Amino acid sequence: MSIKSTSDSKFYCFLLFLVLFSSSFSGCFSKEEVLPEKFGIPGGLVLACLNSSHFNELVIEVDYEADQKPTPETLDLLIDRINSVCDKQSVSYELSLTDFEHEGAWTNDEIRLVGRETRETNAMNENQLRFHFMFPSGTHSDSNVLGVAVDASTVMIFVDTIKESENLIQRPSWEEIEAAVTIHEFGHLLGLVNLVYTSNVDHEDPDHPGHSSNEDSVMYWAIETSDISNIIFGTLPNDFDNDDRGDMIKLKEQQLEAWDQLWYPEDYSY
Ligand SMILES: [Zn+2]
């Protein structure tokens with residue numbers, strides 16, 4: 001099973017939600033591969049997550065800079081969501097205060113490189129599957145981006161930008177936005193929506209590839225650049241919807257084919 005080559009340099013970046021009185025709430029995923037190592041694309045480890053035949057443990061390595069530590073609620077919710085989708089005997093996180101030694105705004109290439117320099121081990125570490133979530137200071141080079149998934153196991157979340165996205169009435173609060181963005185980026189690591197498979201349910205937003213058309217899914221994107229006062233969210237979605245979950249079940253049960261995987265189960269039928 002081969003990895004998609006380095007020249008696939010499509011980079012998608014979309015505005016996710018607009019927050020009242022405030023700047024935008026956005027997320028990204030990128031399929032670019034800059035090194036010959038097999039780090040894959042977002043979704044490239046979905047079968048490794050869904051299947052427990054080899055990887056029975058999942059560890060989230062959380063590297064954060066000073067004042068950027070994700071809230072316990074964000075981390076607990078992430079664990080809950082992983083447990084609700086992936087088949088693992090244990091799901092845990094390891095927190096590390098980290099100096100990324102990075103100046104200025106982050107490009108996706110820099111995120112990939114720093115992610116590879118700072119992660120403890122490979123994503124596939126014996127029976128452990130390890131996802132790497134970084135929470136640095138500073139912003140993405142696209143200042144609307146709140147989070148990005150840059151390969152099969154690496155995510156960066158921009159807490160400073162998230163805090164700036166909180167509106168005056170704090171509805172949603174930055175903590176809620178942080179949690180939603182974190183789950184959203186995890187969803188991209190699962191290949192949502194249609195990143196490494198084609199759903200048999202039409203729930204990808206045609207205008208925003210890789211995202212759900214359901215505004216109640218955490219994988220939803222809405223783009224709005226003006227008249228933002230028309231958009232008021234009481235609560236942000238922070239969970240997958242039935243169509244997202246249906247895709248995961250069908251991938252696990254091999255009713256849908258997954259491509260660009262870094263790992264396949266031995267009994268894989270495609
Ligand atoms: Zn996204």
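# A guided tour, starting at Glu126

Begin by selecting Glu126, which is exposed, because 10 other C-beta atoms lie within 10 Å and a residue with 12 or fewer is classed that way. The model in your viewer is predicted, so please read each stop on this tour as a description of that model. Glu126 sits in the loop between β5 (124-125) and β6 (128-135), and its phi is near 55 degrees, a positive value in a residue that is not glycine.

Next, for a companion to this residue, select Asp260, which lies in the segment after α6. Its phi is likewise near 55 degrees, again a positive value in a residue other than glycine. Is Asp260 buried or exposed? Asp260 counts as buried, because it has 21 C-beta neighbours inside 10 Å and the cut-off for burial is 20 or more.

**The whole chain**

Now zoom out and show the protein as a cartoon, in which you should be able to trace six helices and eight strands. Followed from the N terminus, the elements run β-β-α-β-α-β-α-β-β-β-β-α-α-α. Of the 270 residues, 49% count as buried, and among contacts between residues at least 6 apart in sequence, 70% join residues at least 24 apart.

**Strands β3 and β4**

Select residues 57-64, which form strand β3, together with β4; the two strands pair in the parallel sense over eight bridges. To find the register of the pairing, highlight Glu57, which stands opposite Ser90 in β4. Between the two strands the chain passes through helix α2 (residues 72-85), and this β-α-β crossover is right-handed. How many of the eight residues of strand β4 (residues 90-97) are buried? The number is zero, so β4 lies largely in the open.

Before leaving this part of the model, pick Cys86, which is found in the loop between α2 and β4. Cys86 counts as buried, with 22 C-beta neighbours inside 10 Å. Leaving aside residues up to four places away in sequence, Cys86 touches Cys49, Leu50 and Leu58. A distance drawn from the C-alpha atom of Cys86 to that of Leu190 should read 9.3 Å, although these residues are 104 residues apart along the chain.

**Helix α5 and what follows**

Helix α5 (174-189) is the next selection. Its 16 residues should span 22 Å at 1.5 Å a residue, and the C-alpha atoms at its ends are 23 Å apart, which agrees. Of those 16 residues, 14 are buried, so α5 is largely enclosed by the rest of the structure.

Step past the end of the helix to Gly191, which follows α5 and has a positive phi, near 85 degrees. A little further on, show the backbone atoms between Leu192 and Val193, where the peptide bond is cis, with omega near -10 degrees. Val193 belongs to the loop between α5 and α6 (242-252).

**The nonpolar core**

To look inside the protein, turn to the largest nonpolar core, which has 65 residues and in which Leu45, Val46 and Cys49 have the most contacts. The largest share of this core, seven residues, comes from α5. In soluble globular proteins, nonpolar side chains tend to be buried together. Centre the view on Leu45 and show its surroundings: apart from residues up to four places away in sequence, Leu45 touches Gly40, Ala123, Leu129, Ala152, Ser153, Leu189, Leu262 and Trp263.

**Helix α3 and the β7-β8 hairpin**

Move on to Ile111, a residue of helix α3 (residues 108-118), which counts as buried with 24 C-beta neighbours inside 10 Å. Which residues does Ile111 touch, not counting residues up to four places away in sequence? They are Trp106, Val148, Val150 and Met156. Ile111 and Thr154 are 43 residues apart in sequence, and their C-alpha atoms are 8.5 Å apart in space.

For the last stop, select strand β7 (residues 145-149), in which five of the five residues are buried, so this strand is largely enclosed by the rest of the structure. Add strand β8 (residues 154-157), which pairs with β7 in the antiparallel sense over three bridges. A hairpin of four residues joins β7 to β8, and the register can be found by highlighting Ala149, whose bridge partner in β8 is Val155.

Definitions and conventions. Residues are numbered from 1 along each chain as its sequence is written. This is a predicted model: local features need pLDDT of at least 70, side-chain atom pairs count only at pLDDT 80 or more; totals for chains, interfaces and linings use all residues. Two strands pair if DSSP finds at least two bridges between them. A crossover is right-handed if, with the strands pointing away from the viewer, the path from the first strand over the helix to the second runs clockwise. Two residues are in contact if their C-beta atoms, placed from the backbone, lie within 7 Å. The expected span of a helix is 1.5 Å times one less than its number of residues. A nonpolar core is a set of buried Ala, Val, Leu, Ile, Met, Phe, Trp, Tyr and Cys residues joined through C-beta atoms within 7 Å.
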